[in-house]
Amino acid sequence: MMNYLDSHCHINDEAYDEDLDEVLNRMLENRVTRAMIVCVSFEDYRKTLEIKKEGIRFKKAIGVYPECTGISEDDFNEYVRLMKECDAVGEIGLDYHWYPETKEKQKELFIRQIRIAKELGKPVIVHSRDALQDTYDILKEHRYEGVLHCYSGSAEMAKEFVKLGYYISIAGPVTWKNAKEPLEVVKSVPLERLLIETDCPYLTPAPNRGKRNEPSYVVHTAKRIMEELGIDEETFLRQINANYDNLFGSN
Ligand SMILES: [Zn+2]
């Protein structure tokens, strides 16, 4: 029987300081046995190194978040040093929703990190909020391998990213009421290009919406997708695990 995975989580967040082991136990109970832990700070990275659980295989990623356009060269170089220890570079990208005043600097920082990811041979994990066209233009010009994490755009745009070779990762909103667009995305992206994630502690899927999110809840997101696609669990999980292996490596 195939198991579930969470391709993007922040269990290094302080939201789990009190009960991380219970969170990890619930992953095992729900057959979520692989997870990518994403770091957006040195503190995240330090905590991530301490996260271990028998029966769960973790990967890790680090990147300079779009908020951090004012980063010093020393700190940037330290991020690059840590990227070499990781399975992916991210999350990196553009966030015009929260940081609309630094668009040009965000683009520079994004492109610089895609170039480094290429040099290192690590895939990119892309964050894009209210910036999908610029994200597309950059990922087209600086074409590489990676995933649009927590994808929230249209089905049409998703198809364009897939044409460039990127994966599309679906998070909790697909389970929410009025999830028309996310469900269209799910149907328009080939299964060979889909990933699933929680992005926890945020974006909690139904029926737990309103509570803190955690990796075991990825099962709700996966089940909603399977239902929409009309495919069985084994087929779905076999392909999702293969996609994760193809992008991030099979360790
Ligand atoms: Zn994230």
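**Figure 1. Burial and overall fold of the chain.** Of the chain's 251 residues, 45% count as buried. The model is predicted. Nine helices and eight strands make up its secondary structure. The radius of gyration is 17 Å, close to the 18 Å from the globule rule for 251 residues, so the chain is as compact as a globular protein of that length. Along the principal axes, the C-alpha atoms fill a box of roughly 45 × 40 × 35 Å. Among contacts with a separation of 6 or more, 70% join residues 24 or more positions apart.

**Figure 2. Helix H9, residues 233-248**. This helix has 16 residues. From first C-alpha to last, H9 reaches 22 Å, close to the 22 Å expected at 1.5 Å a residue. Its buried residues are Phe 236, Leu 237, Ile 240, Asn 243, Tyr 244, Leu 247 and Phe 248. Viewed down the axis, the buried residues of H9 fall within an arc of 125°, so they line one face of the helix. Gly 249 follows H9. The phi of Gly 249 is positive, near 100°.

**Figure 3. The two sides of helix H5, residues 132-141**. Leu 132, Thr 135, Ile 138 and Leu 139 are buried in H5. They cover an arc of only 130° around the axis, which puts them on the same side of H5. Gln 133, Asp 137 and Glu 141 lie on the other side of H5 and are exposed.

**Figure 4. Packing partners of helix H5**. The buried residues of H5 pack against two strands, S4 (88-95) and S5 (124-129). They also pack against helices H4 (103-120) and H6 (155-163).

Conventions: Residues numbered from 1 in each chain as written. Predicted model: local features only at pLDDT ≥ 70, side-chain atom pairs only at ≥ 80, totals over all residues. Helix = DSSP H or I, 4+ residues; strand = E, 2+ residues; numbered from the N terminus. Rg over C-alpha atoms; globule rule 2.2 N^0.38 Å. Buried ≥ 20, exposed ≤ 12 C-beta atoms within 10 Å, placed from the backbone. Contact = placed C-beta atoms within 7 Å. Expected span 1.5 Å × (residues − 1). Arc of directions from axis to C-beta.
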